[in-house]
Amino acid sequence: MAKWITVIPADELKPGMHTLVELNHVDLLLVNIAGDFYAIENLCSHDGGDLSGGEIDGAEITCPRHGARFDLTTGAVLSAPAFENIPAYPVRVVDNMVQIFDQGTIAE
Ligand code: FES
C-alpha cells in the first residue's frame, strides 16, 4: 500500500541544503529550496551519475559527470547529454517532519 514515509526533521535541512535518503531501496536526493522540500532519484538519466555531488543553482542541479542539468522540483531534464526526466517523489512536512510518498508500494 502506498504511504508517506518520515525521513528527517525539517529543521535539520536548511534552505539551500540537500541530503541523501533511501526509500524502498531507492536512493533519493532530498533538497530544501527556499523552504520547500523536493525529492528526485539520485541517479542521472544519462549514464547513472551520482547527482548528489552536483552543483545546485536555485532549483537546478548539474550532473557532475557530463553536465546534464535537471529541475529539482520536477525531475525534468533541462539539457543534454541527458534526454530523459528523473522520477520525482511527492514531499510534505507534517509536525516538522519531512515525509516522502513511497510510490514503490503503489502496486501492492
Ligand atoms: S551521467 Fe549525468 S550527464 Fe552523464
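Which residue stands opposite L30 in β4? In this predicted model, the residue that stands opposite L30 in β4 is A39, and this pair is a useful point from which to follow the strands around it.

**Overall fold**

The protein has ten strands and zero helices, so that, read along the sequence, its pattern is β-β-β-β-β-β-β-β-β-β. The C-alpha trace spans about 40 × 35 × 15 Å along the principal axes. A compact globule with 108 residues would have a radius of gyration near 13 Å, and the protein agrees with this because its own value is 13 Å. Of the 108 residues, 22% count as buried. Among the contacts with a separation of 6 or more, 43% come from residues 24 or more positions apart.

**The four-stranded sheet**

Four strands, in the order β2-β3-β4-β8, form an open sheet with antiparallel pairing. Strands β2 (18-23) and β8 stand at the edges, and because each has a single partner strand, one side of each is left without a neighbour in the sheet.

Beginning at the β2 edge, β2 and β3 pair in the antiparallel sense over six bridges, and T19 stands opposite L30 in β3. These two strands form a hairpin with two residues between them, and N24 in the turn has a positive phi of about 55°.

Strands β3 and β4 likewise pair in the antiparallel sense, over six bridges, with F37 in β4 as the bridge partner of N32. Here too the strands form a hairpin with two residues between them, where A34 in the turn has a positive phi of about 55°. L30 therefore stands opposite T19 in β3's pairing with β2, and opposite A39 in β4, by the bridge criterion for paired strands.

At the other edge, β4 and β8 (residues 88-89) run antiparallel and are joined by two bridges, and A39 stands opposite Y89 in β8.

The strand pairs described here, together with one from the second sheet, are set out below.

| Strand pair | Bridges | Residues opposite each other |
|---|---|---|
| β2 and β3 | six bridges | T19 and L30 |
| β3 and β4 | six bridges | L30 and A39 |
| β4 and β8 | two bridges | A39 and Y89 |
| β5 and β6 | three bridges | D57 and E60 |

**The three-stranded sheet**

A further open sheet is formed by three strands in the order β5-β6-β7, again with antiparallel pairing. Its edges are β5 (55-57) and β7 (69-71), each of which has a single partner strand, so one side of each is left without a neighbour in the sheet. From one strand to the next, the twist averages 25°. Strand β5 and strand β6 (residues 60-62) run antiparallel and are joined by three bridges, and D57 stands opposite E60 in β6.

**The nonpolar core**

The largest nonpolar core holds 21 residues, of which L28, L29, L30, Y38, A39, I40 and V91 touch the most other members. The elements that give two or more residues to this core are β3 (26-33), β4 (36-41) and β10 (97-102). The facing pair L30 and A39 thus belongs to the group of residues that touch the most other core members.

I40 belongs to this group as well. Leaving aside residues up to four places away in sequence, I40 touches L28, L29, L72, G75, I86, P87 and A88. Two of these partners, L28 and L29, are themselves named among the residues that touch the most other members of the core.

Note on methods: Residues numbered from 1 in each chain as written. Predicted model: local features only at pLDDT ≥ 70, side-chain atom pairs only at ≥ 80, totals over all residues. Core = buried A, V, L, I, M, F, W, Y, C linked by C-beta atoms within 7 Å. Buried ≥ 20, exposed ≤ 12 C-beta atoms within 10 Å, placed from the backbone. Contact = placed C-beta atoms within 7 Å. Rg over C-alpha atoms; globule rule 2.2 N^0.38 Å. Axes fitted to C-alpha atoms, helices over the stretch in contact; angles between N-to-C directions.
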